[in-house]
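Here are a few exercises to work through with the model open in your viewer. Try each task before you read its solution.

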Amino acid sequence: MSVKFGIGNNTIRSYRRLAYTPWHAMAEFVDNSSQAYFNNKATLDEAYAAAGEKLHVHIAYDADEGVLSIADNSIGMNLEELARALRVGIPPENADGRSRYGMGMKTASCWIGNVWTVETKKLGEDTAYRVTIDVEKVADGEEDLPIQTFSKPADLHYTLIRITAHNRRFHGRTLGKIKEFLSSMYREDFRAGIMELRWQGAILSWDEIDNRLLRDKSGALYKMPFNFEINGKKASGWAGVLETGGRAYAGFSIIHSGRVVKGYPDSWRPEKIYGGGGGRNDLINQRLIGEIHLDDFDVSHTKDDILWYNDEEEQVEAKLEEAIKDYIAAARQVKKNRSGDGPSEGEIDAALAALKQELLSKEMIDLIQVDVVPSEEDIKNARHAIAAEIIGTEPDFIAKIGEQLQVAIFIEEGMSLNDPYVIYESAKPDQVCVIINQNHPHFSQIEGTEGVANYFRHCIYDAIAEWQAARKVGSIDPDTIKSFKDGLLRVGIRIEQSDPAA
Ligand SMILES: Nc1ncnc2c1ncn2[C@@H]1O[C@H](COP(=O)(O)OP(=O)(O)O)[C@@H](O)[C@H]1O
Ligand SMILES: [Mg+2]
């Protein structure tokens, strides 16, 4: 007796539920374009030289129309290759590079939208092909896909994928993140000068961090190569120590087949080195940075991490820690040498001068002279109305501070420039919502990660201090609030100075 095991066409419906991020989904297409280039490098280099171009991949996204398109001038596919490309789970002939499981284009397309078209033309052929995949129809069993053909010149080569009927919409900061992640992911291709990647028309590039690294007394950069093996699998890369801390920059970028799978701006922070829980804001988490190539390891289905088997990750962490231990020590040292630094006299003078200008301005005098102010009642009502709407949405993050307090932070881009810079709401005794208006004119004056962090810090700590004053001593006296805030402002330095090994 036997039973038949089958994976029906309707499996394709499940792809929309995969754990992709928008940038990892989009990267599937760039992986395909670039891998097709690597597989046909000699032929394409010749064609590019003749045409005075190089590999380019353009990603364009229209949220309103719900269209994502990815266009490249890579080798293209002939009919046989296109037919094979549409089979799920049939790995490519060369499965060592960025094309691995025979899934990416299908899973990423279906995750994004329900109708997608592939049009492709292989170099040297005289026909271009176009095929449309309608997820619902395929899932219902319509698996014979009609192919349109077009006569085209032999020297034309491209693939164009157009995805519509979207399952999700990307907006606001997500669009910025897509750009940032894609720039980071393909840094190796930018370094090698082999690919021009565009997002919404803009050419993406990668800023090297060498000039932000610490130098020793002899002037040498704190940047060291390392390599080691575990179970016959090679790992190599470099580690460095940043001169001035930046939590956003620290951590390792994991590179597989020349593509960052997990890295800046969401770097890998191995627990053994950076501590648990995604890393604290101590010196290691602010300064230790690097890249690690793990080509011999497997990648996850969505190519957003290494697929660690058994205790591989712990082994890699341990070997890495051993290889770079001097740098870990150096990263921990930096601040000690410069302890009590803070801003210089000059920086303080410059800041005071700028503020003095602001205080003495005509605009300030006008503002102080206004004596028609809205009533407390009106202010409260207006704030409640705005807050009520926002609190129903997903916060940017929630911090649970011990058992007593939960802080939900909303960085709002939907508010108007006339709305308050910050709103606090405390609907429950153990909860504070902090809504920061990203469209307030002051927000546009803030520069850099440090500037933003500091602004957010004050907005959030004011809220917590008010909560502490109200809940703990039942007083909203300004001095009480300030004394609580004073305590909060001392937390950061304590974390920096704590010894993570302790
Ligand atoms: N832009 C492209 N240029 C050339 N070939 C492509 C392109 N996109 C996809 N293909 C072909 O389609 C195949 C299937 O792609 P995909 O579903 O991403 O799986 P995989 O990349 O793992 O093979 C690729 O191996 C490649 O042969
Ligand atoms: Mg692929």
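Helices (H or I, at least four residues) and strands (E, at least two) are DSSP runs, numbered from the N terminus. This is a predicted model, where local features need pLDDT of at least 70 and side-chain atom pairs count only at pLDDT 80 or more, while totals for chains, interfaces and linings use all residues. Residues are numbered from 1 along each chain as its sequence is written, and side-chain values use heavy atoms, with hydrogens and water left out.

**Exercise 1. The whole chain**

Task: work out how many helices and strands the chain has, and what share of its residues is buried.

Solution. Start with the secondary structure, which comes to 17 helices and 19 strands. Next, get the extent: the C-alpha trace spans about 75 × 60 × 60 Å along its principal axes. Then sort residues by relative accessible area (buried is under 20%, exposed over 50%, partly exposed in between; 1.4 Å probe, protein chains only). Of the 502 residues, 40% turn out to be buried. Last, look at contacts (heavy atoms within 4.5 Å). Among those between residues at least 6 apart in sequence, 66% join residues at least 24 apart.

**Exercise 2. The second largest pocket**

Task: find which element gives the most to the lining of the second largest pocket.

Solution. You'll need the grid rules first. On a 1 Å grid over the protein atoms alone, a pocket is an open set of points with protein on both sides within 12 Å along at least five of seven lines; a cavity is a set where a 1.4 Å probe fits but cannot get out, and lining residues have an atom within 4 Å of a point. Points are joined across faces, edges and corners, and volume is the space filled by probe spheres set on them.

- The second largest pocket holds about 940 Å³ of space.
- Its lining has 40 residues, and M77, E81, A85, P92 and S99 are the closest to the centre.
- Elements giving two or more residues are α1 (22-39), β2 (67-72), α3 (79-85), α4 (104-112) and β6 (158-166).
- The winner is α1, with 7 residues.

**Exercise 3. The cavity**

Task: search the whole structure for cavities of 30 Å³ or more and say what lines the largest cavity.

Solution. The search turns up 1 cavity of that size. The largest cavity has about 40 Å³ of space. Its lining consists of D31, G97, R98, R100, H256, S257, R259, V261, V299 and K303.

**Exercise 4. Odd backbone spots**

Task: look at the backbone at S257, N231 and P265, and place each residue in its loop.

Solution. Take S257, one of the cavity-lining residues. Its phi is near 50°, a positive value in a residue other than glycine. S257 sits in the loop between β11 (251-256) and β12, and it counts as buried because its relative accessibility is 17%.

Now N231, where phi is near 45°, also positive and also not glycine. N231 belongs to the loop between β9 (223-230) and β10 (233-241). At 57% relative accessibility, N231 is exposed.

Finally, check omega: the peptide bond from Y264 to P265 is cis, with omega near 0°. P265 lies in the loop between β12 (259-262) and α8 (271-274).

**Exercise 5. A proline in a loop**

Task: is P441 buried, exposed or partly exposed?

Solution. Locate P441 in the loop between β19 (431-437) and α15 (448-472). Its relative accessible area is 44%, so P441 is partly exposed. For a distance check, the C-alpha atoms of P441 and Y421 are separated by 8.6 Å, with their positions 20 residues apart along the chain.

Note on methods:
Chains lettered and ligands numbered in written order.
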